[in-house]
Amino acid sequence: MTKLLIDCDPGIDDALALALVAGSPSLELAGVTTVGGNVDLALTTANALALREFLHLGEVPVVPGSPGALLRNVIRADKVHGSSGLGNAVLPAATRPAGDGHAVDFIVETLRAAPGEITLVAIGPLTNIALAVRKEPRVVEWARDFVIMGGSYTRGNTNPAAEFNILADPEAAAIVFDAGWTVTMLGLDVTLTALVTTDVLDRLRPLGRLAEQLVVPAATAYGMVTADGGPAIHDACAIAYVLDPSLFTCVPAVVQVETAGRYTSGMTVTDFKLRDRRPNALVATSLDVKRFWDLVLDAYTRLAAGLG
Ligand code: BDR
Ligand code: CA
């Protein structure tokens, strides 16, 4: 059993990542924290709460955190994720409230209570994680592993240099990469191969309520699905990595986040030549796409059976 704490900004692919958790009995979710990112914090939190109930995640705490970046003006991705953050999916509003307190304290206290046991997964801007590291530097020792969806060593998506989660808060990302742990970075280099193609959609459609109410309306609003292309479900890659790291090839590297560049702020400058430096990251360079979708479909099928 792997214990997980997820910091997220749902977000279509965040929702699909949480669905992967819900359908994976080998994962135990210690909590979900939210951050302003794809849409405003109030919406990412409302979506996380709605998903907790829709996906039958039980009593797992959902705790809101930072509304915006440490220093920068807010950027959002509502053009991609829709004004609600979940594309065309309309889930019943949550009946249970968010947990008390702030995500940063929740992250610190949850890791403190179980040192070495919990894998921390961040699939939104890294604001909460940076604040947690600054508030209590020992979180880097207490986390069993730290996995992010973010960055890239080849290209950006929000601009030519930068991936959204890093660009949304480059100073936070710089703090997180410099914190002394090893960041497993699942960037665009691999997540842009995890595409919902027509074949994948045909396998998803029969999955009852899960497909009708969430996966299909969310994924199809997220991008045009074609035979060999379609929307990338970036964030689900982070959960897939936790479930089965052998799906990915990962290479040690030194990653530095550009915070000063006029055109390159938010770029994750990745050096695979270590030159006697300690690597601060394990960077994913390939994904076995067939096995990825088999894993996701297995989990979704299991989950769908429980949802009806
Ligand atoms: C990342 O940015 C967000 O829009 C997605 O949810 C994902 O976490 C992809 O660049
Ligand atoms: Ca996200």
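These legends describe close-up views of a predicted model.

**View 1. Twelve names make up the surroundings of ligand 1.**
Ligand 1 is surrounded by Asp13, Asp14, Asn38, His81, Ile123, Met149, Asn157, Glu163, Phe164, Asn165, His234 and Asp235. By class, this shell holds three nonpolar, five polar and four charged residues. Three helices each supply at least two of the shell residues: H1 (12-22), H7 (164-167) and H12 (234-243).

**View 2. Side chains of Asp14, His81 and Asn165 meet oxygen atoms of ligand 1.**
Look at His81 to begin. An N or O atom in its side chain is 2.9 Å from an oxygen atom of ligand 1. Now find Asn165. Here the distance from a side-chain N or O atom to an oxygen atom of the ligand is 3.0 Å. For Asp14, the matching distance is 3.1 Å. How much of ligand 1 does the protein bury? Taken alone, the ligand exposes 280 Å², and the protein buries 96% of that.

**View 3. Ligand 1 takes up the space of the largest pocket.**
About 360 Å³ of space lies in this pocket. Which of its 21 lining residues are the closest to the centre? They are Ala77, Val80, His81, Asn157 and Phe164. Four elements give two or more residues to the lining: H1, helix H3 (78-81), H7 and H12. The lining divides into nine nonpolar, six polar and six charged residues. Some names return from the first view: His81, Asn157 and Phe164 also belong to the surroundings of ligand 1.

**View 4. A cavity is found elsewhere in the search.**
Rolling a probe the size of a water molecule over the atoms shows where empty space is left. How many cavities of 30 Å³ or more does a search of the whole structure find? The search finds one. The largest cavity has a volume of about 50 Å³.

**View 5. Ten residues are listed around the largest cavity.**
Gly36 is one of the lining residues. Pro67, Gly68 and Ala69 line the cavity too. So do Val74, Ile75 and Arg76. Pro125, Thr127 and Ala168 complete the list. By class, the lining has six nonpolar residues, three polar and one charged.

Key:
Residues numbered from 1 in each chain as written. Chains lettered and ligands numbered in written order. Predicted model: local features only at pLDDT ≥ 70, side-chain atom pairs only at ≥ 80, totals over all residues. Heavy atoms only, no water. Near = heavy atom within 4 Å. Polar contact = N/O pair within 3.5 Å; in protein donor to acceptor, adjacent residues only side chain to side chain. Areas by Shrake-Rupley, 256 points an atom, 1.4 Å probe, with all protein chains shown as cover. 1 Å grid on protein atoms, 1.4 Å probe; cavity = no way out; pocket = protein on both sides within 12 Å on 5 of 7 lines; lining within 4 Å. Sits in = over half its atoms within 2 Å of the grid points. Nonpolar A, V, L, I, M, F, W, Y, C, P; charged D, E, K, R; others polar. Points joined across faces, edges and corners; volume = space filled by probe spheres on them.
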